[in-house]
Amino acid sequence: MTQSHDSHTSRESADVVVLGAGPAGLVLGVLLHTAGIDCVVLERASRTHVQTRARAGFLAPNTVRILERHGLADGLHSSGRRHGTCEFRTEDGRFRLDYGALGNGGHHHVYPQQNLVTDLLTHYLAIGGRIRFHTEAVVVRDADGTQPYVTTREPDGRPARWTARYVAGCDGRHGAARRSLPPGAVRHHQHDHGVTWLGLLAEAPPSLDAVGYAIHARGFAGHMARTQDVTRYYLQWQRGTPADSWSEQRIWDELDARMRAEDHGPLRRGGLLERAVFDLTCDVVEPLRHGSLFLAGDAASLLAPAAAKGANLAVLEAEILAEALTGALVRGDTTGLDTYSDRCLAHIWRAQEFTGWMTRLLHATSDTSDRDDHGAGSFFLAALQRSRLNSLRTSRIHQDWFAENYVGV
Ligand SMILES: Cc1cc2nc3c(=O)[nH]c(=O)nc-3n(C[C@H](O)[C@H](O)[C@H](O)COP(=O)(O)OP(=O)(O)OC[C@H]3O[C@@H](n4cnc5c(N)ncnc54)[C@H](O)[C@@H]3O)c2cc1C
């Protein structure tokens, strides 16, 4: 590590500069630092912000194994909960899948992403890891040259330059890593599922002991436990409508209607802590490398949240990238770096495929559908959706396939 100053730009260095302190960047930082590699994590936001940003909550068995392998699973074992049931509510009634007893018998751990990020950060700092908050990466330069570097805006607003042997872009979809890829260096595959959700975080205990997926003529509604006091809900939403255009009362009434509370029991209401509208779009960058710049997590691929894969892929890719960088920097073996992109893309495309399938299971709309007078989508797509749900309700083979993919990455 070196540090120097001239009048305008401070200059610093690390063997690996990691952009972003989300699940991908922090797992990578912990693993690299533990392997004795000189690395630094640069994070645009404050420590409080990254530790309180509520997003994912369902950790897959493979994610838990990775965290256990590196001594990072104490928090999720002490306060996370094993979870293995989902419930589908349709006009034909409801059915439950105990996916933890199907397929490979895998369960989720329900553990809010902000708790995981807090655990990772606490561990990283405890082992002496370097991190800079309020430090925004502006651009990665010379990634295909011999001396890559990242220009940053430091907490005091001054520019700085971080030279590195490798840069890990873990700074999400809108981060500097993606922006720095020169035109033509990679392909950017994008897809719009044609669906928009209003994501809600309610200060209310879960209303059922399962993930709830309600399929309704007025659109999808979802229920996902987070903690004993906070529950995530989703409402399929008219694209372009602002998040604050409905009152809390109207939102709860609509959730009640779509979740068929009259038939299956009331929802436990509470104040809405957070509302966000997001389109269910997805993308994949291919390859996940440009010279010495590597992408991981949402920077590599964005997934619609319908199948809860994003944070799980982020952790998996971080472990693969950590092994590859350690091989290169400690043993001079670059095989892992050369195969990093292909290895991750195999997982990414499988997760994208299942996410697309889940999206079609939960919604009868798509960007290409002919909408008609039957509510949320065309009759044809609604009939396909009913048939898909019926197969899932009745076919054990289909249920095993669902369970394996639902908990897998
Ligand atoms: C509502 C919602 C629910 C979700 N539910 C699930 C779920 O149940 N299961 C699941 O697996 N996934 C879920 N996801 C997806 C999951 O949250 C993401 O896939 C995950 O956060 C990706 O981790 P990451 O480390 O790649 O990126 P992030 O968590 O986005 O972290 C990127 C970090 O980079 C920082 N950054 C950005 N730009 C810069 C810059 N220029 N310089 C420096 N730092 C920068 C950001 O501040 C951020 O801290 C959900 C997402 C949403 C929105």
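The turns below cover a cavity, the nonpolar cores, a small sheet and some backbone angles in a predicted model.

Residues are numbered from 1 along each chain as its sequence is written, and side-chain values use heavy atoms, with hydrogens and water left out. Because the model is predicted, local features need pLDDT of at least 70 and side-chain atom pairs count only at pLDDT 80 or more, while totals for chains, interfaces and linings use all residues.

Student: How many charged residues are in the lining of the largest cavity?

Tutor: A cavity is a set of points on a 1 Å grid over the protein atoms alone where a 1.4 Å probe fits but cannot get out, and lining residues have an atom within 4 Å of a point. Residues lining the largest cavity include F58, H108, Y213 and Y406. With Asp, Glu, Lys and Arg counted as charged, the lining divides into 9 nonpolar, 1 polar and no charged.

Student: Which helix gives the most to the largest nonpolar core?

Tutor: A nonpolar core joins buried (under 20% relative accessible area, 1.4 Å probe, protein chains only) Ala, Val, Leu, Ile, Met, Phe, Trp, Tyr and Cys residues through side-chain atoms within 4.5 Å. The largest has 76 residues, and L67 is among those with the most contacts inside it. Helices are DSSP runs of H or I, at least four residues. The one giving the most, with 12 residues, is α9.

Student: Which strands stand at the edges of the open sheet, and why is one side of each left without a neighbour?

Tutor: Strands are DSSP runs of E, at least two residues, and two of them pair if DSSP finds at least two bridges between them. The sheet has the order β4-β8-β5 with antiparallel pairing, and 3 bridges join β5 to β8. Each edge strand has a single partner, so one side lacks a neighbour in the sheet; the edge strands are β4 and β5.

Student: Which residue stands opposite H108?

Tutor: Strand β8 covers residues 108–110 and runs antiparallel to β5. The residue opposite H108 is H83.

Student: Is R260, with its positive phi, buried or exposed?

Tutor: Most residues other than glycine have a negative phi. R260, in the loop between α7 and α8, has a positive phi of about 55°. Its relative accessible area is 14%, so R260 counts as buried.

Student: What is omega for the cis peptide bond between E286 and P287?

Tutor: Most peptide bonds are trans. P287 lies in the loop between β17 and β18. The bond joining E286 and P287 is cis, with omega about 0°.

Notes: On a 1 Å grid over the protein atoms alone, a cavity is a set of points where a 1.4 Å probe fits but cannot get out, and a pocket is an open set with protein on both sides within 12 Å along at least five of seven lines; lining residues have an atom within 4 Å of a point. Buried means under 20% relative accessible area, exposed over 50%, partly exposed in between (1.4 Å probe, protein chains only).
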